[in-house]
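Biologist: Please take a close look at a single part of this model and describe how it is set into its surroundings. I should like the cut-off behind each term to be stated as the term arises.

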Amino acid sequence: MTTTETVTGMTGEKAGRAVTGTATGPVFTGTTGPRDGIRLLCHDPRTADDLPWGEAHAVFDAAQEVAAIVSRQDLEDWLDCSLLHYPVLNAMRGGTPVPPEALTRVMHVSGDPRAGYVDGAKVRFQLAAGATVVVQNLHEWHRPAQQLCRRLAQLFSAKAGAVAFWTRAGEDGLRVHRDDGHLFVVQISGTKRWYLYDTPRDAADWSPGYVEDLASARTVDLRPGQVLYLPEGIAHHTRTLDTESVHVTVAIREPWLRDTVELAVRACLARIPDHATLSGTAAEREETADELLTRLAEALGRVDRAALVRDLSRRAAETRGSR
């Protein structure tokens with residue numbers, strides 16, 4: 001059984017953080033946070049103060065520039081008048097990728113045949129047959145998405161990327177799955193029904209990818225101009241209702257704990273010569289290893305936590321793409 005709802009903001013702590021800016025967008029200062037990024041996405045910035053970041057899903061009205069990040073005409077133009085190449089544009093049907101040859105053509109460039117360029121007629125055929133057309137890496141080559149994602153990356157201190165999805169009426173999207181990032185789904189046209197299953201409380205309780213045998217879902221109908229926020233790991237799938245749907249998903253991927261450990265250990269390893277070896281008898285090697293690990297533990301205890309977090313945040317914000 002499912003239940004239908006529209007959620008407009010739950011609970012959450014308020015944040016007032018400093019953001020500096022330039023003509024090209026905010027500059028990372030180490031004092032920004034999720035609320036600042038969410039305010040950029042909201043039609044009414046005050047909505048961000050009550051958004052349940054990392055706790056539960058929510059629906060809110062998109063800021064004007066966010067609601068117009070991609071248009072239906074953009075998609076038509078990309079099919080008919082662009083140099084898009086597979087897999088920047090790809091398609092999925094029932095969770096299975098559509099073969100590249102069913103979406104692409106050979107283009108002759110200076111007399112040389114080059115395969116893999118998007119064929120608009122083939123893509124429209126697959127769309128009409130029930131496939132979901134996916135346009136990847138908008139943050140790399142589509143100026144509005146690029147500008148938005150760069151600003152979000154700075155504000156969230158995280159990687160940010162955007163992907164567009166185009167599905168005909170009455171079709172399902174991908175199978176039930178989890179994503180390894182916070183998602184902001186911007187509905188461009190049509191109405192899409194989202195089936196939401198759970199919100200994992202701990203990273204050890206889930207992994208990204210397709211999932212099976214979940215309990216009943218609650219549903220959210222997302223309409224043009226609205227944004228659906230999904231915390232990382234929440235299982236979901238979709239269905240387009242009475243008209244075709246276009247939406248853009250902006251993924252925010254915060255620094256991983258593994259990155260934190262790796263960066264801290266790497267700083268300690270820098271003091272050990274590359275050519276140093278573990279030599280001698282088994283007992284001598286064990287003694288050397290014990291001394292080495294003891295020194296490593298002591299060095300990790302002296303790591304500047306604040307500097308480590310600032311470095312991770314800066315690296316994440318400066319990384320292009322969402323992964």
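Modeller: The account below concerns one strand, then its sheet, and then the helices.

The model is predicted, so local features need pLDDT of at least 70 and side-chain atom pairs count only at pLDDT 80 or more, whereas totals for chains, interfaces and linings use all residues. Residues are numbered from 1 along each chain as its sequence is written, and side-chain values use heavy atoms, with hydrogens and water left out.

The protein chain contains 9 helices and 18 strands (DSSP runs numbered from the N terminus: H or I of at least four residues, E of at least two). Of its 323 residues, 45% are buried (under 20% relative accessible area with a 1.4 Å probe, protein chains only; exposed is over 50%, partly exposed in between). The part chosen here is strand E18, residues 245-253. Because 9 of its 9 residues are buried, E18 is largely enclosed by the rest of the structure.

In a regular strand, side chains alternate between the two faces of the sheet. In E18, one set of residues pointing the same way consists of Ser-245, His-247, Thr-249, Ala-251 and Arg-253. The other way point Val-246, Val-248, Val-250 and Ile-252, and both sets are buried.

E18 has strand E10 (residues 159-167) as an antiparallel partner, with 9 bridges between them (pairing requires at least two DSSP bridges). Within that pairing, Val-246 of E18 faces Trp-166. Strand E12 (residues 182-189) also runs antiparallel to E18, and 7 bridges join the two. Here Val-250 of E18 is the bridge partner of Phe-184.

These pairings belong to an open, antiparallel sheet of 8 strands, ordered E4-E16-E12-E18-E10-E9-E5-E6. The edges are taken by strand E4 (58-61) and strand E6 (96-97); each has a single partner strand, so one side of each lacks a neighbour in the sheet. The partner of E4 is strand E16 (residues 226-230), met in the antiparallel sense over 4 bridges. In this pair Asp-61 stands opposite Gln-226 of E16.

Helix H3 lies across E18, and also across E10, strand E5 (89-93) and strand E9 (132-135), running at about 85° to E10 (axes are lines fitted to C-alpha atoms, for helices over the stretch in contact; angles run from 0 to 180 degrees between N-to-C directions). H3 (residues 72-80) also packs with helix H4 (residues 120-128), at an angle of about 130° and with axes 8 Å apart. H3 and H4 are therefore oblique to each other (under 35 degrees is roughly parallel, over 145 roughly antiparallel, 65 to 115 roughly perpendicular, the rest oblique). Glu-76, Leu-79 and Asp-80 of H3 are in contact with Gly-120, Val-123 and Arg-124 of H4 (heavy atoms within 4.5 Å).

Two further helix pairs complete the picture. Helix H7 (residues 257-269) packs with helix H9 (residues 305-318) at about 120°, with axes 10 Å apart, and the two are therefore oblique. Their contact involves Asp-259, Thr-260, Leu-263, Ala-264 and Arg-266 of H7, with Leu-308, Asp-311, Leu-312 and Arg-315 of H9. For helix H1 (residues 34-41) and helix H6 (residues 143-156), the axes come within 7 Å and cross at roughly 155°, which makes H1 roughly antiparallel to H6. Their contact includes Ile-38 and Leu-41 of H1 and Leu-148 and Phe-156 of H6.

Across the chain, among contacts between residues at least 6 apart in sequence, 79% join residues at least 24 apart.
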